[in-house]
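User: Please take a close look at a single part of this model and explain how it is placed against the rest of the chain. I would like one connected account.

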Amino acid sequence: MKARVHIMLKKGVLDPQGEAVRHALGTLGFSGVEGVRQGKVIELDLADGTTEDTVKEMCEKLLANTVIESYQVEMA
């Protein structure tokens, strides 16, 4: 069983990496990019029967900083 966790900074939180990517794209000639938000994806290989609630608990305790990040869990 697999789970994929998408983690992004919450709206209103400064994203210096995203801003650096936006600037670099402009420097390379890609016009029209008004904003970039950078996040991360974590893929977990889980034992059968692991619940989405367990993965959410993992996010709350370790994988995401819930003060400044939001997350979304996909179970497969």
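Analyst: Contact here means heavy atoms within 4.5 Å, and the part examined in this predicted model is helix 2 (52-63). The buried residues of helix 2 are Val55, Cys59 and Leu63; seen down the helix axis, they fall within an arc of 50 degrees, so they line one face of helix 2. What covers these buried residues includes strand 1, strand 2 (39-45) and strand 3 (69-75), while the face turned away from the buried side carries the exposed residues Asp53 and Lys61.

Val55, Cys59 and Leu63 also belong to the largest nonpolar core, which has 10 residues, among them Ala3, Val5, Ile7, Leu44 and Val73; strand 1 (2-9) and helix 2 each supply at least two residues of this core. For leucine 63, leaving aside its neighbours within four places in sequence, the contacts are Ile7, Lys40, Ile42, Leu44 and Met58.

Helix 2 also holds a salt bridge, in which the side chains of lysine 56 and glutamate 52 meet at 3.7 Å, N to O. The two residues lie 4 residues apart in helix 2, about one turn of the helix. Lysine 56 is partly exposed, with a relative accessible area of 34%, and glutamate 52 is likewise partly exposed, with a relative accessible area of 34%.

As for its geometry, helix 2 has 12 residues, but its end C-alpha atoms are only 14 Å apart, short of the 16 Å that a straight helix would reach at 1.5 Å a residue.

Methods: Residues numbered from 1 in each chain as written. Predicted model: local features only at pLDDT ≥ 70, side-chain atom pairs only at ≥ 80, totals over all residues. Heavy atoms only, no water. Core = buried A, V, L, I, M, F, W, Y, C linked by side-chain atoms within 4.5 Å. Buried < 20%, exposed > 50% of the residue type's maximum accessible area, 1.4 Å probe, protein only. Expected span 1.5 Å × (residues − 1). Arc of directions from axis to C-beta. Salt bridge = Lys/Arg side-chain N within 4 Å of Asp/Glu carboxyl O.
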